[in-house]
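Q: I am new to this structure. Could we go through it together?
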Amino acid sequence: MDALSKIFVAGHRGMVGSACVRALKAAGYSKVVTRTHQELDLLDPKAVRDFYASEKPDVAIIAAARVGGIGANSAANSLFLYENEMIAMNTVWAAAEAGVKRLLFLGSTCIYPRMAPQPIPESALLTSELEKTNEGYALAKISGLKLCEFLRRERGLLYHSLMPTNLYGPGDNYDIVHGHVLPTLIRKFETATDHVDLWGTGSAIREFLHVDDLASACLFALSLDNPPDVMNVGSGEEVTIRELAEAVKAATGSRAEIRWDATKPDGTPRKLCDTALIRSLGWKPQIDLRQGLEMTVRSYREELAAGTVRL
Ligand code: GFB
């Protein structure tokens, strides 16, 4: 990939896609191609084939997906499987058919087994059962990364994948029911009067990565001549949901009392990815959780004031 490459970013209005576009532009890539959902329905194979045939990008970054937190996933595994499978198959297969030479597919560390060894190495893929709350999403992402792997082996195309840990940052979805835990907690503390109701027991352990760090990992992966098929991307910083709640409370300046609703699921008990591989090749994160939380509370307030926040 060089400064003159034409780069298609699928999902440029989402948190990950928009961070990739910002990072590409900041790095001097001026030929970035995007399409809104109205302009191109990624669930429609013919529309996606026609798009690649007419635009002929050199590189594609597949950041489009139906995403959501534990509530959204567990209530609609069928939809998460169907839409993400279609998006993955259409965007990757049609790219290969159109002769796109390089493609970066984005997944998630929820593709790994529920009881994977911690920190989770890439080799844990498909070694035991998945976490039930997000099985549909995980299966679709596993199909996508496998399709990239097969096309690379069979056709010599440089298609490869990154598996980021739980992400947060500007442009996140702050929907209380469907959102991921970190943005949801920001909104709950920002709108609380005297208490906040949080889900589960607070004992689950998660790792969080700022989306701008993921975007830098995407550019890094695309700069490698012979990237691994699958690489984890994480911060290496673990917190319990209880510790996260205290950190969000501090970052928002809230005084609300925290109450736990143990009737709601904890999900995977622990999810820390092993990032030895990407670090050994020369990438590392720049934004720690405390700093990232402050930046994100600020961007939430700005998005709210500008009327652009996704709720
Ligand atoms: O980000 P999250 O919804 O999803 O975090 P996962 C869920 C954890 O946060 C659970 C606790 O332990 C919840 O019990 N939690 C506490 C809350 N309060 C809340 C709350 O108000 N809202 C939410 N959402 N959680 C997702 C997958 O798993 O991770 C996706 O479902 C994807 O497929 C994503 O892989 C990165 O970390 O459990």
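A: Let us begin at lysine 56, just after α2, which takes a positive phi of about 45 degrees. This is a predicted model, in which local features need pLDDT of at least 70 and side-chain atom pairs count only at pLDDT 80 or more, while totals for chains, interfaces and linings use all residues. Residues are numbered from 1 along each chain as its sequence is written, and side-chain values use heavy atoms, without hydrogens and water.

Q: Which residues of helix α2 are buried?
A: In α2 (residues 45–55), these are Val48, Phe51, Tyr52 and Glu55; buried means under 20% relative accessible area with a 1.4 Å probe, counting protein chains only. They lie on the same side of α2 because they cover an arc of only 90 degrees around the axis, taken from the directions from the helix axis to the C-beta atoms.

Q: Why would residues three or four places apart point the same way?
A: An α-helix has 3.6 residues a turn, so such residues point the same way.

Q: And what covers the buried residues of α2?
A: The cover includes β1 (7–10), β2 (32–33), β3 (59–62) and α4 (77–98), with contact meaning heavy atoms within 4.5 Å.

Q: Changing topic, which helix gives the most to the shell around the ligand?
A: That is α6, with four residues. The shell divides into ten nonpolar, ten polar and four charged residues.

Q: Where does aspartate 266 meet the ligand?
A: A backbone N or O atom of aspartate 266 lies 2.6 Å from an oxygen atom of the ligand. The protein covers 97% of the 700 Å² of accessible area that the ligand has on its own, by the Shrake-Rupley method with a 1.4 Å probe.

Definitions and conventions. Polar contact = N/O pair within 3.5 Å; in protein donor to acceptor, adjacent residues only side chain to side chain. Helix = DSSP H or I, 4+ residues; strand = E, 2+ residues; numbered from the N terminus. Nonpolar A, V, L, I, M, F, W, Y, C, P; charged D, E, K, R; others polar. Buried < 20%, exposed > 50% of the residue type's maximum accessible area, 1.4 Å probe, protein only.
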